[in-house]
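Dear colleague,

Please find below the structure that I am handing over to you. My findings follow directly after it.

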Amino acid sequence: MTITIGEGTCGIAAGARDVANMLGQRFPDAHMRSVSCMGMCHQEPLIEITNPDGKSFLYGKVNKKNLPKIVHFHRGEGELPVGNFIRSTDQPETEKWSYMGNQTRIALRNVGHLNPTSISEARARGSYQAIENILQGGICPEAVLEEVKISKLRGRGGAGFLTATKWGFARSAPGYPKYLVCNGDEGDPGAFMDRSLLEGDPHSVLEGMLIAAYAIGASKGYAYIRAEYPLAVRYFGKAIEDARAAGYLGEFIMGTDFSFDIKIKEGAGAFVCGEETALLASIEGQRGMPRIRPPFPAIQGLFGKPTIINNVETLANLPWILKNGGKVYAAIGTEKSKGTKVFALAGAVMHGGLVEVPMGMTIERVINEIGGGSASSRPIKAVQLGGPSGGCIPSSLFNTIIDYEAINATGAIMGSGGMVVMDSQSCMVDIARYFLDFTQVESCGKCTFCRIGTLRMKEILSKICGGRGTMEDLEILEDLAPQIKDASLCGLGQTAPNPVLTTLKYFREEYLAHVLDHRCPGGVCKALITHTINQKECTGCTICKRYCPAECITGELKKPETWFINQELCINCGMCKEVCNPEAVMVESLGLKAAHSQPARASA
């Protein structure tokens, strides 16, 4: 018997290691395999049990309470545990499996299928075949570059620049040595694509670096991975050691003239270091701040030498392209956006996790067919694409296809692939404020408009959320946003106003409700809402009273008619609603509260 356990960061956080220990005790003779995230983060912890007869069964949401039923079934002592069952070799197509069945996996082809610390497992699934074919077949760098050109692969870090064109600049640029940098500084809230790739299939990323380095003539490489990803740093470091021992890294690789080696640079977690020139400054030991371009890094980059910086996902695609051909890759997707795109699907959606779909699929299909629709049964209002630099697309535009140009036309951006779904109980003003707060804090401060302009925008949004906004504030937001975009050096400042502009464009009625009616339609802004107890639903269980930090709830045990929330003491923290099992706590935004309530409530 073989037991495979998903032990990516998400699986470990959900208790995978406890499950592994319990399974090891119950099946001491079983072969235990650890893999990374299988993609179904909403089903963690995940295990796959392969019986001695070769039949395999995949289970989700496994814990110490339901594990005995799984154990009994595989001992032939009980029925199939339907609640945890996802698929088997006998039943490959199930409703739960539709999450994976509707995807096309190229970059994620090995994630969740191999032990990321085993180079032998990686090689068994085809890793390093592409670079072996190139070097042993005597394929010249120009031919490699041409194959990537045919594929029309665009950089997956956000900008979507053609990879082969970028490589061409560095290849023809004078200067030695040349550098190849893997950008693993994933800082978007809600994004975890790069982390999952580095944790789940480090050898494909490493092989992608080898291919890119060979094509541009680089001899040295850096993997810039943020220190908050300790598992990714460890697994990628192990992959480098194993690849070096196997002869894929170092001097005269496979007996050829090609020499290339890699170092890991751990980033300190600054969002701005995802920008190319700031990232290079960080590797050089300087403060991570962008610089004016040109010269572009491809001409004058790390230590003043020609440097190519490719995103993790871009690199993971390269071995597949070189093995299967650029034409095959280019046959997937739309006219201008080829191949697939990985998304981190999160928020108010039933099935969150890693999603890889062909370009051209609509946003609606990703959210409803793969994501399973709303997790709360409430209508889905919007999706945030592109992280804090992106924008909010309303549900009326969910027929938009996944394509760089189509997404940009909505006012959002593809970004690195964060996809955060929001339902009707989200406040779009508060969402804009949240992302502005993030980018304002993460601004390096070099550009005045980015440093001060984003601060002013955040202050105005806080004022509106507090019920103190005016119509003039909306005009200031719309006037300030383009100035920040035009006067900032790097992508952080140039895109920071996007969440504000898209919410003003598509959800202006919510801004007007805050400003004119002092009402928050989403029921989120604390200054504009009240929490009350619905005594018809209340059971008098006392749990809300026990958890209330303001001690503002009173009532007698099992006497619903006695329960009240003192509005003068309530701080609208929402804890009572969170813990109330019968959902007897109501959130209301009746309007004009901020204008007549005590000043202490007026700060958001």
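S377 sits in the loop that runs between α15 (363–370) and β12 (380–385). In this predicted model, the residue has a positive phi of about 70 degrees, although it is not a glycine. With a relative accessibility of 70%, S377 counts as exposed. For context, most residues other than glycine have a negative phi, and most peptide bonds are trans.

Further backbone features of this kind occur in the loop between α12 (276–283) and β9 (307–311), where P294 is found. P295 is also placed in the loop between α12 and β9, and so is F303. The peptide bond that joins R293 and P294 is cis, with omega at about 0 degrees. The bond from P294 to P295 is cis as well, with omega near 5 degrees. F303, which is not a glycine, takes a positive phi of about 50 degrees. The relative accessibility of F303 is 41%, so this residue counts as partly exposed.

I turn next to the protein as a whole. Its secondary structure comprises 25 helices and 18 strands. The radius of gyration is 26 Å, close to the 25 Å that the globule rule gives for 604 residues, so the protein is as compact as a globular protein of that length. Taken along the principal axes, the box filled by the C-alpha atoms is roughly 85 × 70 × 40 Å. Of the 604 residues, 57% count as buried. Among contacts with a separation of 6 or more, 70% are between residues 24 or more positions apart. The exposed area is about 24,600 Å², and carbon and sulfur atoms supply 52% of it. As for charge, the protein has 62 positive and 62 negative charges, and the mean positions of these two sets are 2 Å apart.

The cysteines deserve a separate paragraph. A disulfide is a covalent bond between the sulfur atoms of two cysteines. With a cut-off of 2.5 Å between the sulfur atoms, the count of disulfides comes to zero. Why does C444 not form one with C490? The sulfur of C490 is the closest cysteine sulfur to that of C444, but at 6.2 Å it is too far for a bond. C444 has a relative accessible area of 17%; because buried means under 20%, C444 is buried. C573 is likewise in no disulfide, and the nearest cysteine sulfur, that of C548, is 6.1 Å away. Its own relative accessibility is 38%, so C573 counts as partly exposed.

Two helices may be read together. Helix α6 (residues 129–136) has A130, I131, E132, I134 and L135 as its buried residues. Against which helices do the buried residues of α6 pack? They pack against α5 (119–124), α7 (141–151), α10 and α13 (312–324). Just after α6, G138 takes a positive phi of about 65 degrees. Helix α10, one of these partners of α6, spans residues 202–216 and contains H203. The relative accessibility of H203 is 1%, so H203 counts as buried. Not counting residues up to four places away in sequence, H203 touches P116, S118, I119, A122, S127, Y128, A239 and D242.

The last residue in this account is F27, in the loop between α2 (16–26) and β2 (31–35). Is F27 buried or exposed? Its relative accessible area is 9%, so F27 is buried. Leaving aside neighbours within four places in sequence, F27 is in contact with M1, I3, V71, H74 and R75. F27 and P297 are 270 residues apart in sequence, and their C-alpha atoms are 54 Å apart in space.

With kind regards

Conventions
Residues numbered from 1 in each chain as written. Predicted model: local features only at pLDDT ≥ 70, side-chain atom pairs only at ≥ 80, totals over all residues. Heavy atoms only, no water. Helix = DSSP H or I, 4+ residues; strand = E, 2+ residues; numbered from the N terminus. Rg over C-alpha atoms; globule rule 2.2 N^0.38 Å. Buried < 20%, exposed > 50% of the residue type's maximum accessible area, 1.4 Å probe, protein only. Contact = heavy atoms within 4.5 Å. Areas by Shrake-Rupley, 256 points an atom, 1.4 Å probe, with all protein chains shown as cover. Lys, Arg positive; Asp, Glu negative; His and termini not counted. Charge placed at Lys NZ, Arg CZ, Asp CG, Glu CD.
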